[in-house]
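Colleague: Got a minute to walk me through this model? I'd like to go over a few spots together.

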Amino acid sequence: MSTPYYVSPEQIWEDKRDFVRRGIEQAKEVVVLAYKNGLLMVAENPRRTTYKISEIYDKIALASTGRIAEYEALRVAGIRESEIKGYTYFREDVTGKWLTNLYSQYIGSISQTWDAKPLEIELLVCEIDADPSVGNQIYYIDFDGTYREEENFAVIGGRAEAIVEILREDYSSDLELSAALQLASQTFEKVESEESEPYQITPQTIEVACLDVTAGRRKFRRFSIEEITEILSHAS
Amino acid sequence: MLKLHEYGTNDFLQVLKNRHPDHLGDWTQLNGINDNLPHNYLEGTTVLALVYDNGVIIAGDRQATEGYQVGERRIQKVYKIDQHSAIAVAGVAGPCIETAKLFQVQVEYYEKIEGMSLSLDGQANYLSTLVRSNIGLAMQGLIVLPIFAGYDKKIGKGRIFKYDALGGRYEEDTYYAIGSGGKDARATLKKLYRPQMSEITALNAVAEALWDAADEDIATAGPDLIRNIFPTLTTITDEGVAALPDNTVAELFRELISRLEQT
């Protein structure tokens with residue numbers, strides 16, 4: 001008879017965390033920051049059809065780093081559940097907090113199944129509200145389903161911590177769109193330049209979208225390369 | 001709990017059928033034509049659409065009837081679907097509004113899932129399915145009839161689709177009107193329609209058609225100058241879907257009335 005092997009729960013969690021961290025370390029970053037009219041979302045992503053930032057519902061967007069296929073399944077599920085809820089009740093009843101809990105429960109249940117591969121992703125659920133008492137909300141969801149609320153800005157991806165450090169120095173509230181986009185691009189350039197040659201962000205290498213409180217019912221807007229070029233030209 | 005295995009579908013009606021069949025009316029309970037059906041439901045009356053040089057106008061009056069009575073004076077019959085399309089519904093008001101809402105959600109659902117808009121033909125075809133799903137109602141004589149209009153960016157012009165109660169889809173390249181006053185509106189449009197009309201000529205023609213429908217058909221309402229309720233007139237062009245503000249519509253009808261007074 002073979003000896004049943006024992007692995008301590010601490011060890012399982014440690015292994016899973018290491019496994020996910022190794023994946024995320026490779027991932028390019030996504031920066032979300034509050035600007036004058038809402039939330040700006042910027043990702044380093046030279047591809048033009050596989051997005052890291054997407055519209056979920058009227059005032060909710062989802063940003064992610066890590067495995068695209070896993071993100072895609074979560075994105076579609078989020079849209080579906082939001083539409084069902086909005087259709088059943090009312091569009092305003094679909095909130096970022098509700099969606100964050102939904103994701104959190106699902107992601108958590110996978111990571112707690114001990115022989116299942118944890119999802120190799122980090123998520124940011126972004127929501128804006130014209131009501132100033134609600135305001136902008138950014139929820140960070142980790143691979144194990146734990147989540148926290150972030151204020152003003154949030155970063156996911158390999159060098160998230162380094163970018164957060166830069167933003168702590170350079171971020172100020174009530175930025176114009178162009179200034180906010182320039183700030184986000186500069187953080188990418190700064191973290192890369194520390195390690196190698198001078199690094200240049202161009203409109204072709206970033207994916208940019210925003211949740212704009214002044215827009216109609218659908219607050220999400222994705223910018224084309226031409227629009228990104230135009231916005232950056234306004235930055236001083 | 002999220003269910004990721006449902007990933008594949010971009011069809012919201014299918015999602016509802018799987019997850020919430022209770023949200024979709026079950027009309028199979030009603031069996032055969034029943035003349036004794038209590039007539040306490042609203043019916044929408046006249047809607048129409050007309051192609052002009054820059055796009056298409058879609059319009060409707062604001063009244064719903066309940067039997068021989070006025071059921072509602074401010075009902076909305078024209079609904080924006082996406083950036084370049086809108087639907088106008090006539091028939092049993094409840095299912096009509098529900099069809100418009102479901103259609104709008106479906107088109108937006110598709111757009112978000114696929115990352116690109118559903119083509120105008122794709123939208124028109126999908127609406128067939130929605131109308132057909134009300135077949136149980138149609139068999140009771142409770143009919144949902146939409147007109148679907150949109151600006152087709154690929155060919156650069158406005159298009160109109162009409163439907164029959166069983167989901168049959170037919171394209172009209174000039175104008176169309178349905179509902180209780182539909183025939184009267186069509187008669188007016190038949191006389192006034194010209195190819196490549198300008199926007200203002202087209203709007204005047206639509207206003208006159210709605211006026212004539214209200215004049216001939218007791219269920220259709222014209223402009224209500226006392227309560228300030230005006231028919232809905234919406235233009236769909238390359239720039240998008242725009243509902244005319246009430247004061248512009250009021251002005252159109254005031255001019256029409258003064259023209260009629262002179263003749």
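Here is how our chat about it went.

Modeller: First, the ground rules: this is a predicted model, where local features need pLDDT of at least 70, side-chain atom pairs count only at pLDDT 80 or more, and totals for chains, interfaces and linings use all residues. Residues are numbered from 1 along each chain as its sequence is written, chains are lettered from A and ligands numbered from 1 in the order in which they are written, and side-chain values use heavy atoms, leaving out hydrogens and water.

Colleague: Which residue of strand 12 of chain B stands opposite B:Gly60?

Modeller: Strands here are DSSP runs (E, at least two residues), numbered from the N terminus. Strand 3 of chain B pairs antiparallel with strand 12 (residues 232-237) over 6 bridges; pairing takes at least two DSSP bridges. On that side, B:Gly60 faces B:Thr232.

Colleague: Is B:Ser128 buried or exposed?

Modeller: B:Ser128 belongs to helix 3 (residues 120-132) of chain B, a helix being a DSSP run of H or I, at least four residues. Buried means under 20% relative accessible area, exposed over 50%, partly exposed in between, with a 1.4 Å probe and protein chains only. B:Ser128 has 7% relative accessibility, so the verdict is buried.

Colleague: How many residues does the largest nonpolar core have?

Modeller: Such a core is a set of buried Ala, Val, Leu, Ile, Met, Phe, Trp, Tyr and Cys residues joined through side-chain atoms within 4.5 Å. B:Phe12 is among those with the most contacts inside the largest one. The residue count of that core is 52.
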